[in-house]
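Please look over the sequence and the model first, and then follow the paragraphs below, which go from a ligand and its surroundings to a sheet of strands.

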Amino acid sequence: MRRLVVILTLVLPLFVAAGGDEPYRSLYHHTPPVMWMNDPNGMFYDAQTQLWHLYYQHYPDDIVWGPMHWGHSTSKDLKTWEHLPIAIYPDSVGMIFSGSCVLDTNNTAGFGRNAIVAIYTSADKAQTQSIAYSLDGGRTFTPYKGNPVLTGDIADFRDPKVFWDKQADCWTMVLACQQEMRFYQSDDLKQWHFVSSFGLGYGCHGGVWECPDLLQMDDNGQTKWVLICNINPGGPFGGSATQYFVGDWNGKEFKCEKGKYENEKMARWLDYGKDHYATVTWHNAPGNRIVAIGWMSNWQYATALPTTHFRSQNTIARDLSLYKDDNGEYRVRVLPSPESKAIRGDRTKQLPAAAVIEIDVCESRKPALITLSNDKGEQVLMTYDFNAQTFTCDRTKSGKTDFSAEFPAVTTAPLFVKHNHHHLTLYIDHCSIEAFDGEGYWAMTNLVFPTQPYNHITVKGGKAKIYNVNL
Ligand code: FRU
């Protein structure tokens, strides 16, 4: 079976590259060559080879969720991906759920200098944390004989994200534990002890907390820490979404001002669409950048999406940083990474199925309307409402929507910073629309399944420039 999976993983990308695939296969977004994918996992950047590694929750035997493996792809440019054999298989400790990778430069774990260590959840009757190491640059992993390295007392105990904590001078793990995030520390990645937890009474709790990340961000000399907290269900438009908290980490505890997150309405979202989940960041990204990628789907309907050989895609890579909104509140700025911006090619008049569109809109009393449509009358309507101070995306008439009652939707982003000229970039790729405010004040990611690609765009109250994709 393992051999068949390896052959399929290697041969199918050739088939896909030859165009022998289906209409909703993305051109420049990461997709699994075949079968099921959910969360991005264990991403790390290898400075020596200059490769971005991306692992992902993968079930190689079906296009729905099943016993989880870590699929593996690498990229030189974050635009095109090479698919490699499955990196970690389920074992006697359990299925391989989400987690992270670190470069163990100082050989703290004793697996070898520069070993890549994966820390993930083993899911069996209980959820526990395990580690595996790679001595060949992340291609193959050997599970540690002493697994699991961390056991718990609750059912939802998963998705370890590990980083080297300079303040505490040790490894720190953030772990999703039902309605809170717990922090554990270790000198050797093998023995972990609990240090603190965060979450009860803060933010949204409409579902279970999953896939955390803890990120240091600086803004004009001020250091803040951002705790990423994916939640499912309980997102602002139903199902899965990514909330975050801006606060302080002192090497032991994460603290943020309770008054700023007291009720669900105050929750801050990294993306205001319906299809942005399990978002986490690359370990060791160059230039100290914070580079994130998310699963472009939603558990409400992920297993029903109208594709046949594969299921799901990831967002384009995004760089995260801080900004202050009009109330002086820190929020996370989300912009396409420089590598993602390089997707934009030459200008064109005709709208292709994969494109980048730059739109300028000026504030006026009337809302600005942006419509993508095809000759069958299927359309996506985006609206800047300057009175309500919102940007919305309506996909209720976008094409195939009836595979799930939860799919037709209107999503809304508040405009946190008032300005009278708005620049917007749309990344369109066969079945997805990612909209970014020009200053990164908000992002919105939504899937769409037109029965023919949208080939028209109209902008009332603004101007659009269409670009081909440059791969
Ligand atoms: C999030 C998630 C994780 C878990 C994984 C299992 O989408 O539920 O919490 O580790 O998927 O595939």
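How many Å separate a polar side-chain atom of Arg 158 from an oxygen atom of the ligand? In this predicted model, the distance from that polar side-chain atom of Arg 158 to the ligand oxygen is 2.7 Å. Asn 38 also places a polar side-chain atom by an oxygen atom of the ligand, at 3.1 Å, whereas Ser 98 contributes a backbone N or O atom, which lies 3.2 Å from a ligand oxygen. On its own the ligand has 310 Å² of accessible area, and the protein covers 95% of it.

The elements that give two or more residues to the shell around the ligand are strand 1, strand 5 (95-104) and strand 9 (158-165). Among the residues around the ligand are Asp 39, Gln 57, Trp 65, Phe 97, Asp 159 and Trp 299, and the residues of the shell divide into 5 nonpolar, 3 polar and 4 charged.

Strand 1, which helps to surround the ligand, also belongs to an open sheet, in which 5 strands are arranged in the order 4-3-2-1-20 with mixed pairing. Strand 4 (82-88) and strand 20 (310-311) each have a single partner strand and stand at the edges, so one side of each is left without a neighbour in the sheet. Within this sheet, strand 1 (residues 35-46) and strand 2 (residues 51-59) run antiparallel and are joined by 7 bridges, and Met 37 stands opposite His 58 in strand 2.

Definitions and conventions:
Residues numbered from 1 in each chain as written. Predicted model: local features only at pLDDT ≥ 70, side-chain atom pairs only at ≥ 80, totals over all residues. Heavy atoms only, no water. Pairing = 2+ DSSP bridges. Helix = DSSP H or I, 4+ residues; strand = E, 2+ residues; numbered from the N terminus. Near = heavy atom within 4 Å. Polar contact = N/O pair within 3.5 Å; in protein donor to acceptor, adjacent residues only side chain to side chain. Areas by Shrake-Rupley, 256 points an atom, 1.4 Å probe, with all protein chains shown as cover. Nonpolar A, V, L, I, M, F, W, Y, C, P; charged D, E, K, R; others polar.
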